[in-house]
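Student: Can we go through this one together? I'd like to start with a single residue and work outwards.

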Amino acid sequence: MNNKEFTSELADRLGYTIKDTSELISSLLSDMTQELEDGNAIAIQGFGSFEVKKKAERISINPSTKQRMLVPPKLVLTYRPSNTLKDTFK
């Protein structure tokens, strides 16, 4: 299912126009992005939780040249599915 199909399906279920549904989705995603940028976790009941975690710096070795490189720390977005969602796919 692509974005266009998802938007039209959601519009049919909610009884809104496709344009209103598209704006709703866009607003939701921008709010979620802003919360994650601020360092807050987002939990959606029955779906899962999103959180930004910091990965520590580490040393990586190039296998062909055996050269060691320092990989700097970085922020990574993580997702953990809820137990309800996990049970659905068992």
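**Starting from F47**

Student: Okay, where is F47 found?
Tutor: F47 sits in a loop, the one between β1 (42-44) and β2 (48-55). Keep in mind that this is a predicted model.

Student: Is F47 buried, exposed or partly exposed?
Tutor: Partly exposed. The relative accessible area of F47 is 37%, and the partly exposed class runs between 20% and 50%.

Student: Which residues is F47 in contact with, leaving aside its neighbours within four places in sequence?
Tutor: Y79, P81, S82 and L85.

Student: How far apart are F47 and Y79?
Tutor: In sequence, F47 and Y79 are 32 residues apart. In space, their C-alpha atoms are 10.0 Å apart.

Student: New topic, pockets. What volume does the largest pocket have?
Tutor: About 250 Å³.

Student: And which residues line the largest pocket?
Tutor: F47 is one of them. The others are F6, L10, L24, I25, L28, L29, M32, T33, L36, I44 and F50.

Student: Which element gives the most to that lining?
Tutor: Helix α2, with seven residues. Both α1 (3-14) and α2 (18-37) supply at least two residues each.

Student: How many of the lining residues are nonpolar, polar or charged?
Tutor: Eleven are nonpolar and one is polar. There are no charged residues in the lining.

Student: So where do charges meet? How many salt bridges are there?
Tutor: The count is two. In one, the side chains of R13 and E9 meet at 3.1 Å, N to O. In the other, K90 meets D87 at 3.9 Å, N to O.

Student: Where do R13 and E9 lie?
Tutor: Both are in helix α1. They are four residues apart, which is about one turn of the helix.

Student: Why does R13 count as exposed?
Tutor: Because its relative accessible area is 68%, and exposed means over 50%. Its partner E9 is partly exposed, at 33%.

Student: What about K90, buried or exposed?
Tutor: K90 is exposed, with a relative accessible area of 81%.

Student: Back to α1. Is T7 in that helix buried or exposed?
Tutor: T7 lies in α1, and T7 is buried, at 8% relative accessibility. The cut-off for buried is under 20%.

Student: What is T7 in contact with, leaving aside its neighbours within four places in sequence?
Tutor: I18, T21, S22 and I25. I25 also lines the largest pocket.

Student: Let's zoom out. How many helices and strands are there in the protein chain?
Tutor: Three helices and five strands. From the N terminus on, the order is α-α-β-β-β-β-β-α.

Student: Is the chain spread out or a compact globule?
Tutor: The chain is more spread out than a compact globule, because its radius of gyration is 19 Å, well over the 12 Å that the globule rule gives for 90 residues. Its C-alpha atoms fill a box of roughly 60 × 30 × 30 Å, taken along the principal axes.

Student: What percentage of the residues count as buried?
Tutor: Of the 90 residues, 12%. T7 is buried, at 8% relative accessibility.

Student: Last one. Take contacts between residues at least 6 apart in sequence: what share join residues at least 24 apart?
Tutor: The share is 30%.

Terms used
Residues numbered from 1 in each chain as written. Predicted model: local features only at pLDDT ≥ 70, side-chain atom pairs only at ≥ 80, totals over all residues. Heavy atoms only, no water. Buried < 20%, exposed > 50% of the residue type's maximum accessible area, 1.4 Å probe, protein only. Contact = heavy atoms within 4.5 Å. 1 Å grid on protein atoms, 1.4 Å probe; cavity = no way out; pocket = protein on both sides within 12 Å on 5 of 7 lines; lining within 4 Å. Points joined across faces, edges and corners; volume = space filled by probe spheres on them. Nonpolar A, V, L, I, M, F, W, Y, C, P; charged D, E, K, R; others polar. Salt bridge = Lys/Arg side-chain N within 4 Å of Asp/Glu carboxyl O. Rg over C-alpha atoms; globule rule 2.2 N^0.38 Å.
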